[in-house]
Structures are given as C-alpha cells and as structure tokens.
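Reader: I have a structure to go through at the bench. Please walk me through it in short steps.

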Amino acid sequence: MRGVYKGLAAFALAMTVSGAALADGADLAKGKKIFARCKACHTLEEGGPDRIGPNLYGIIGRTAGTKEGFKYSDAMKQKGADGLVWDDDTLMTYLEKPSDMVPSTNMAFPGLKKEEDRHNVVAYVESETSPE
C-alpha cells in the first residue's frame with residue numbers, strides 16, 4: 001500500500017511541476033522550435049548522451065553543476081555549491097544571459113532576449129525532461 005501512496009505522490013508532484021510553466025500560457029511548439037538551437041550541445045531524453053553541454057533530463061530540481069559524469073566549469077560547480085537549484089525561475093534567469101548568472105561559465109550561448117521565448121523553452125524542456 002505504501003508503494004501506491006509513493007506513486008501517487010510522485011504523480012502529483014510531476015503534474016504540479018509540469019503544470020506550473022504550462023499554466024502561464026507557454027507554447028510548447030514554439031519552445032521546441034527555439035530549443036532546436038540548443039540541440040548541438042544538449043540532449044533531453046532519459047539516458048541521452050552529454051554533448052558539449054550536459055544531457056538535461058531531470059534538470060528541474062537538480063543542483064547546478066552536479067550531473068554525474070559531466071565536466072562542469074568551476075564557476076558552475078561553485079554556483080551549485082552555493083545552492084543554485086534549477087527550476088522555472090532560475091532557468092528563466094540563466095537563459096536570459098548565462099554569463100550574467102554564472103560568470104566564467106563554459107556555456108557560450110549569449111541568451112534569449114525575449115521573455116516569451118525563454119518561457120516557451122523552459123516549458124518545453126520541462127515537459128520533455130521531467131520524470132513521469
């Protein structure tokens with residue numbers, strides 16, 4: 001019986017997390033289109049390979065710089081040690097201009113200027129990478 005409750009709790013958490021970005025009117029199709037720029041460096045699928053950047057599966061709720069097997073910059077590891085955890089808000093801030101949030105990051109991406117674009121990408125990534 002305890003397993004049933006754990007399963008229900010995990011499902012409720014996943015629905016809450018997934019629903020948070022979508023409730024704000026995110027467009028997943030637009031997010032997917034924008035994320036195409038990110039595919040050279042990142043994969044989304046569970047067990048997917050790291051590339052220049054880490055695989056992003058399970059990023060929501062993960063402490064920055066801690067994905068096992070990926071070699072992060074010292075700056076990103078320090079941000080994680082300082083308590084940076086990825087969620088909708090922190091990803092929105094990071095994707096605006098990564099080097100502002102994590103000076104000396106290895107991520108060369110300049111950022112997404114439009115808040116709507118960031119919102120759609122975050123919602124898309126979240127929808128594709130949150131464990132069910």
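**Threonines, helices and charged pairs**

Author: T105 sits in the loop between helix 5 (98-101) and helix 6. The model is a predicted one.

Reader: Is T105 buried or exposed?
Author: The relative accessible area of T105 is 16%. Buried means under 20%. So T105 counts as buried.

Reader: Which residues does T105 touch, leaving out those up to four places away in sequence?
Author: Closer in sequence, the T105 side chain reaches the backbone nitrogen of M107 at 3.2 Å. Beyond four places, the residues that T105 touches are S73, A75, M76, Y94, P98 and S99.

Reader: Now T90. Which backbone oxygen lies 3.0 Å from a polar atom of its side chain?
Author: T90 is in helix 4. At 16% relative accessibility, T90 is buried. Not counting residues up to four places away, T90 touches L84, V85 and M101. The backbone oxygen at 3.0 Å from its side chain is that of V85.

Reader: Which residue caps the N-terminal end of helix 4?
Author: Look for a side-chain oxygen at 3.0 Å from the backbone nitrogen of D89. The residue that supplies this oxygen is D87.

Reader: Which residues of helix 4 are buried?
Author: Helix 4 covers residues 88-96. T90 is one of its buried residues. The full list is D88, T90, L91, M92, Y94 and L95.

Reader: Which residues have the most contacts inside the largest nonpolar core?
Author: In soluble globular proteins, nonpolar side chains tend to be buried together. The largest nonpolar core here has 24 residues. Helix 2, helix 3, helix 4 and helix 6 each give two or more residues to this core. Those with the most contacts inside it are F35, M76, W86, Y94 and V125.

Reader: What is F35 in contact with, leaving aside neighbours within four places in sequence?
Author: F35 is among the core residues with the most contacts. V125 is on that list too, and F35 is in contact with V125. The full set for F35 is H42, L44, L56, V121, Y124 and V125.

Reader: How many residues of helix 6 are buried?
Author: Helix 6 runs over residues 115-129. Helix 6 is mostly covered. Its buried residues are D117, R118, H119, N120, V121, V122, A123, Y124, V125, E126 and T129. Out of 15 residues, the buried count is 11.

Reader: How far apart are the end C-alpha atoms of helix 6?
Author: Helix 6 has 15 residues. The expected span is 1.5 Å times one less than the number of residues, so helix 6 should span 21 Å. The model agrees, with the end C-alpha atoms apart by 21 Å.

Reader: On to charges. How many salt bridges are there?
Author: Side chains of opposite charge can pair when their charged atoms come close. The cut-off is 4 Å between a Lys or Arg side-chain nitrogen and an Asp or Glu carboxyl oxygen. By this rule, the number of salt bridges is 4.

Reader: Which residue pairs with K30?
Author: The closest N and O atoms of this salt bridge are 3.9 Å apart. K30 lies in helix 2 (residues 28-35) and its partner in helix 6, so the pair ties together parts that are 86 residues apart in sequence. K30 is partly exposed at 43%, while the partner counts as exposed at 52%. That partner is E116.

Reader: How far apart are the closest N and O atoms of D74 and K77?
Author: D74 and K77 are 3 residues apart in helix 3 (residues 74-81), so about one helical turn separates them. D74 is exposed at 61% relative accessibility. K77 is partly exposed at 41%. Their closest N and O atoms are apart by 3.6 Å.

Reader: R118 forms a salt bridge with which residue?
Author: The closest N and O atoms are 3.9 Å apart. The pair links distant parts of the chain, helix 6 and helix 4, 22 residues apart. R118 is buried at 7%, whereas its partner is partly exposed at 43%. The partner is E96.

Reader: Last, the cysteines. How many disulfides are there?
Author: A disulfide needs two cysteine sulfur atoms within 2.5 Å. For C38, the nearest cysteine sulfur is that of C41, 8.2 Å away. C38 is buried at 17%, and C41 is partly exposed at 26%. The disulfide count is 0.

Notes: Residues are numbered from 1 along each chain as its sequence is written. This is a predicted model: local features need pLDDT of at least 70, side-chain atom pairs count only at pLDDT 80 or more; totals for chains, interfaces and linings use all residues. Side-chain values use heavy atoms; hydrogens and water are left out. Helices (H or I, at least four residues) and strands (E, at least two) are DSSP runs, numbered from the N terminus. Buried means under 20% relative accessible area, exposed over 50%, partly exposed in between (1.4 Å probe, protein chains only). A nonpolar core is a set of buried Ala, Val, Leu, Ile, Met, Phe, Trp, Tyr and Cys residues joined through side-chain atoms within 4.5 Å. Contact means heavy atoms within 4.5 Å. A polar contact is a pair of N or O atoms within 3.5 Å; within protein, one must be able to donate a hydrogen and the other to accept it, and residues adjacent in sequence count only if both atoms are side-chain atoms.
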